[in-house]
Amino acid sequence: MSVSLREAVNGRFLIGAAVKSTQIADPALGSFIAHQFDTITAENDFKPARVQPRAGEFDFSVVDQFVDFAQANRLQLVGHTLLWHNQTPAFLFADDTGKPLPRDTGLQNLQHHIHSVAGHVRGRVLGWDVVNEAIDDSAPYLRDTVALRSIGDDYLEHAFRFAHEADPNAQLYYNDYSIESDSKLPKTLRLLKELKSAGAPIHGVGIQGHWTVSDTGVPERLDRAIRAFSQLGLKVMITELDIDVLPRNVKDRDAKSDPYVNGLPDAIAQAQADLYAAIFAVVLKHPGVVERVTFWCLHDGVSWLDNWPIRGRTNHPLLWDRNLSPKPAFDAVLHALRS
Ligand code: G3I
């Protein structure tokens, strides 16, 4: 088998990927995953809409496949996610007309969901992204979600308490994107401080890491954010790493918005490799603080970025191309890990 990221990291932190249920069911891809990584996250299958599709009816069939695959291959499993505004059934926090439920009912539903899901995999996950993306991009602080309207400002600390009750040994994380940025870092620090002073059992923070190849300021901002989060006594993870090479502000798919259908030009592949190497150099500057780096998806052909912000483009955000061949980015990460 080819050289692996896991061997190159050699226990200094955990290296992982978000994977799909079809991938862990495929023997060749399954052994590729087990060879390359220490840890996996289900890309979609632990989300509220998947595990509680109808009120009070839980479906853990796919969750159990992940648990079995992780155990059989000695991989650590990360749960994603217990509370999010997206991929979450409306009935949890709103009535049939869309009106937020009274606080007590919303809180009970949150408790029942978290106790059921985190309780089901108790002792079999390393940790949970308890809360995902609760900070607003442009508003001064929290995102205006139906759960917040139902329960109130303290809904996030309750989520952490419920998760801790369900699985007292699981690591509990706050997970969000762009929280290393000038605009979101202060709001994130505020939230983390408030959670800690309210006594919420929070152990770490996940910087998602959905970056773009032209954003050469990432390493510096990442370094600053890791320091700031660790000063609060929290562990840090990069939880959804990928580097987008396509324009984001687009509406239609055409030659301009989808320029690399026949492959990534060498110069862009190299710029992407350089940015990946710089990100890993920052990670290595913080031993014992950065506990994990997880890529969001396995290879370029299965990335969510092939379908966002518009569907059907040919993006190239990861370390392996559509044939699972290592790209210059893979070599650059290996080199960074070895130097
Ligand atoms: O399962 C249905 C399928 O039945 C249907 O035929 C198909 C047609 O559109 O859609 C399928 O659902 C899609 C689902 O992924 C599974 O592939 C949804 O449309 C699609 O919206 C959904 O996207 C996921 C997205 O979260 C939802 O917001 C991506 O796969 C997943 O990578 C992405 O992950 C998020 C993290 O959870 C949180 N951070 C951001 C990250 C990227 O958006």
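This briefing introduces the ligand site and the enclosed space of the structure above. The model is a predicted one. Its ligand occupies the space of the largest pocket, and there is also 1 cavity of 30 Å³ or more. Glu-133 is a good residue to look for, since it is among those that come nearest to the ligand and also helps line the largest cavity.

**Around the ligand**

- The ligand has 16 residues around it, and those that come nearest are Glu-43, Lys-47, His-80, Glu-133 and Glu-240.
- Sorted by class, this shell holds 3 nonpolar, 7 polar and 6 charged residues.

**Polar contacts to the ligand**

- In the side chain of His-80, an N or O atom is 2.7 Å from an oxygen atom of the ligand.
- The side chain of Glu-133 has an N or O atom 2.8 Å from a nitrogen atom of the ligand.
- For Gln-208, a side-chain N or O atom is 3.2 Å from a ligand nitrogen atom.
- On its own the ligand would expose 790 Å², and the protein buries 53% of that.

**The largest cavity**

- The largest cavity contains about 60 Å³ of space.
- Residues lining the largest cavity include Leu-83, Trp-84, His-85, Thr-145 and Ala-147, along with Glu-133.
- Strand E4 (127-132) and helix H8 (155-166) are the elements that each give two or more residues to this lining.
- By class, the lining of the largest cavity has 7 nonpolar, 3 polar and 1 charged residues.

Key: Residues numbered from 1 in each chain as written. Predicted model: local features only at pLDDT ≥ 70, side-chain atom pairs only at ≥ 80, totals over all residues. Heavy atoms only, no water. Near = heavy atom within 4 Å. Polar contact = N/O pair within 3.5 Å; in protein donor to acceptor, adjacent residues only side chain to side chain. Areas by Shrake-Rupley, 256 points an atom, 1.4 Å probe, with all protein chains shown as cover. 1 Å grid on protein atoms, 1.4 Å probe; cavity = no way out; pocket = protein on both sides within 12 Å on 5 of 7 lines; lining within 4 Å. Sits in = over half its atoms within 2 Å of the grid points. Nonpolar A, V, L, I, M, F, W, Y, C, P; charged D, E, K, R; others polar. Points joined across faces, edges and corners; volume = space filled by probe spheres on them. Helix = DSSP H or I, 4+ residues; strand = E, 2+ residues; numbered from the N terminus.
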